[in-house]
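Trainee: Could we go through some ring pairs and helix packing together?
Mentor: Happy to, let's open the model.

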Amino acid sequence: MLMALQDAPDIGASAPAPQAVAAGYAAIRAQTLGLIEGLAAEDCQAQSMPEASPAKWHLAHTTWFFETFVLALDPEYRPSHRAYTELFNSYYHSVGALHPRGQRGLLTRPTLDEVRAWRAVVDDGMLKVLEGDLSPEQRARVELGLHHEQQHQELLLADLKHLFWHNPLRPAYRDGALPPQPTAQPWRWLERPGVMVEIGHGAEGFAFDNETPRHRAWVDAHVIASRPVNNGEYLDFIVDGGYRNPLLWLADGWDAVQAGDWQRPLYWDPDCDTHFTLRGERTLEHDEPVCHLSYYEADAFARWAGARLPREEEWEAAAQSWPVAGNLLDSGLLQPRSHDTDGPSFYGDVWQWCASSYAPYPGYQATAGALGEYNAKFMCNQMVLRGGSCVTPAGHLRASYRNFFAPHARWQFSGARLAKDRV
């Protein structure tokens, strides 16, 4: 059963008691193990595509991160399994060699039990470190590692869903019925003036380097929808021939539609009556936010609807007026849901594609050293998503959070929100 999520402790700007830091570390590490509770070793081994990783690899890589970037700060530290430094390195070429991403599912050894035992060894070492006085560098790396682990909690669930969907048995990750689906409120256009706004992280607390520096950006007058697009609205696009009309699509998007024979969102059945979820096959609820769209699909829908996708500065300027609350991982629903409230819904349920390329902010400085590979190297050929999803840890979000994926990616919990220029 899904454990209650704990927020990552904010230890970058100040130094809380060692007991609090250790407790936060232990809670987030336990949450990751809780996500594989009830799964067989076989479930944790397979890899459904090169972009996805086995659950076992996620457990191992997050352990590798703490061993490599925290424990190894001690010049006397010696890894207990030297081969793991290559097997579970993701993309840190400055650290050393790495195993090919598309072959992670072939790593039948170490076994799941051996990976869990290694996690326990590294956790013991980390807790000893956390009992002492942390240097500023140690504090920053521990905090980054905890937020990094929360990212992998979300990726683990998205990758498992893709894996189980490829199984003809269509196994459910979690059993149990969902509460009744509320009726979605009609979306309202929120009026936004033409004004200079401030975006990016500038407050106390943790942020990834790609959220900085806080800076000014001009936004023209526009309107932005009060909620994401839902299944029923997207179904209208399908019925109207949206996937057959090249005039609605970016050139790369139309090529993707033709090459992949896309006719509906990922996980929808051909009749658009049911779709695959982490709770197995379910009836398609028209009021639920539409999910598993590529950027191309979100953009084509917006064009069909006579609108566009919001730019990330528009999204953040609107969202930062509202608290981070919504259907996130801690709800245990594991499925986007509509809300029966009149208020705007910016966070949770589905990540929302923005009409913004993932690029550095003015004055951006990547983290020094190997950790500079964490974000900066991906600032090309990616599009920005905002707002989190039903599998995002609650303590992991803020208005300035910038997620990013390639525009063809569909297996993430990604949807769409509309905007329009105001003339």
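What follows is a short set of questions and answers on this structure.

Mentor: This is a predicted model, where local features need pLDDT of at least 70, side-chain atom pairs count only at pLDDT 80 or more, and totals for chains, interfaces and linings use all residues. Residues are numbered from 1 along each chain as its sequence is written, and side-chain values use heavy atoms, with hydrogens and water left out.

Trainee: How many aromatic pairs does a search of the whole structure find?
Mentor: Rings of Phe, Tyr and Trp (its six-membered ring) pair if their centres lie within 6.5 Å. Searching the whole structure on that basis gives a count of 35.

Trainee: Is the pair of Tyr234 and Phe301 stacked, edge-to-face or tilted?
Mentor: Planes under 30 degrees apart count as stacked, over 60 as edge-to-face and the rest as tilted. Here the centres are 5.5 Å apart and the planes meet at 25°, so Tyr234 and Phe301 are stacked.

Trainee: Which helices does that pair of Tyr234 and Phe301 tie together?
Mentor: Helices are DSSP runs (H or I, at least four residues), numbered from the N terminus. The two residues are 67 apart in sequence. Tyr234 lies in residues 231–239 and Phe301 in residues 295–304, so the pair ties together H6 and H8.

Trainee: Are Tyr234 and Phe301 buried or exposed?
Mentor: Buried means under 20% relative accessible area, exposed over 50%, and partly exposed in between (1.4 Å probe, protein chains only). By that scale, both Tyr234 and Phe301 are buried.

Trainee: At roughly what angle do the axes of H6 and H8 cross?
Mentor: Axes are lines fitted to C-alpha atoms, for helices over the stretch in contact (heavy atoms within 4.5 Å), and angles run from 0 to 180 degrees between N-to-C directions. Residues that meet include Tyr234 and Phe237 in H6, and Phe301 and Trp304 in H8. The axes come within 11 Å, and their crossing angle is roughly 80°.

Trainee: Which residue shares a polar contact of 2.6 Å with Glu67 through the side chains?
Mentor: Glu67 lies in helix H2 and, at 3% relative accessibility, counts as buried. A polar contact is a pair of N or O atoms within 3.5 Å; within protein, one must be able to donate a hydrogen and the other to accept it, and residues adjacent in sequence count only if both atoms are side-chain atoms. Beyond four places in sequence, the contacts of Glu67 include Trp118 and Val122. The side chain that joins Glu67 at 2.6 Å belongs to Tyr77.
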